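Trainee: I am new to this structure and would like a close look at a single part of it. Please begin there, and then show me, step by step, how that part connects with what surrounds it.

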Amino acid sequence: MKAYKTISGDVTNDVLVRKHTDIRISEVSIANTHNSNSCIVSLFATNDDGTNHKYYMVKNLKIPVGATLVIDNKSVGINTKTHNLELTTTGSSSLTIIIS
């Protein structure tokens, strides 16, 4: 399974929401496609149990213009049956995200 998503601006955005099927994530790629601004990215897992706990893979990481962050399966290990994979951005970002 591959999922593609484009994000613009400062947002908290569900990249991959919790499903009732078991989706195996082997890699998350986040490319900064903005022409002039670096961006700050946080990638984390959450659950819907009311606790609002966030389990960070990266937090407040600066991605320079034209750079790509690749997170492999050793860092992404989340259970998509029980958790959402979410992304927060700041810095007037323009991002392309590939989940495979």
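Mentor: Strand 1, which covers residues 3-8, pairs with strand 8 in the antiparallel sense over 6 bridges, where strands are DSSP runs of E with at least two residues, helices are DSSP runs of H or I with at least four residues, both numbered from the N terminus, and two strands count as paired if DSSP finds at least two bridges between them. What you see is a predicted model, in which local features need pLDDT of at least 70 and side-chain atom pairs count only at pLDDT 80 or more, while totals for chains, interfaces and linings use all residues. Residues are numbered from 1 along each chain as its sequence is written, and side-chain values use heavy atoms, with hydrogens and water left out.

Within this pairing, Ile7 stands opposite Leu95 of strand 8. Tyr4 also belongs to strand 1, and if we leave aside its neighbours within four places in sequence, Tyr4 is in contact (heavy atoms within 4.5 Å) with Ile97 and Ile98. The C-alpha atoms of Tyr4 and Ile98 are 4.7 Å apart in space, although 94 residues separate the two in sequence. Tyr4 is nevertheless exposed, with a relative accessible area of 58%; here exposed means over 50% relative accessible area, buried means under 20%, and partly exposed lies in between, with a 1.4 Å probe and protein chains only.

Strand 8 has a second partner to consider, since strand 3 pairs with strand 8 in the antiparallel sense over 5 bridges. In that pairing Ser29 has Ile98 as its bridge partner, and Ala31 stands opposite Thr96. Together these strands belong to an open sheet of 4 strands in the order 1-8-3-6, with antiparallel pairing. Strand 1 and strand 6 stand at its edges with a single partner strand each, so one side of each is left without a neighbour in the sheet. From one strand to the next the twist averages 15°, an angle taken between axes that are lines fitted to C-alpha atoms (for helices, over the stretch in contact) and that runs from 0 to 180 degrees between N-to-C directions.

From here we can turn to the other open sheet, which has 4 strands in the order 2-7-4-5, again with antiparallel pairing. Its edge strands are strand 2 and strand 5, each of which pairs on one side only, and its neighbouring strands are turned by 20° against each other on average, with direction ignored. Strand 2 and strand 7 run antiparallel and are joined by 4 bridges, and Asn13 stands opposite Leu87 of strand 7.

Strands from both orders also meet in the nonpolar core, a set of buried Ala, Val, Leu, Ile, Met, Phe, Trp, Tyr and Cys residues joined through side-chain atoms within 4.5 Å. The largest such core has 22 residues, and those with the most contacts inside it are Val28, Ile30, Leu43, Leu85, Leu87, Ile97 and Ile99. Strands 2, 3, 4, 5, 6, 7 and 8 are the elements that give two or more residues to this core, and strand 4 gives the most, with 4 residues.

Strand 4 is also tied to strand 5 through the 1 aromatic pair that the structure holds. Phe44 and Tyr56 form this pair, which is tilted, with 5.3 Å from centre to centre and 55° between the planes; rings of Phe, Tyr and Trp (its six-membered ring) pair if their centres lie within 6.5 Å, and planes under 30 degrees apart count as stacked, over 60 as edge-to-face and the rest as tilted. Because Phe44 lies in strand 4 and Tyr56 in strand 5, the pair ties together parts that are 12 residues apart in sequence. Phe44 is buried, with a relative accessible area of 1%, whereas Tyr56 counts as partly exposed at 36%.

In the loop between strand 4 and strand 5 lies Asn47, which is buried at a relative accessible area of 16%. Not counting residues up to four places away in sequence, Asn47 touches His53, Tyr55, Thr82 and His83.

To place all this in the whole, the protein chain holds 1 helix and 8 strands, which run β-β-β-β-β-β-α-β-β from the N terminus on.
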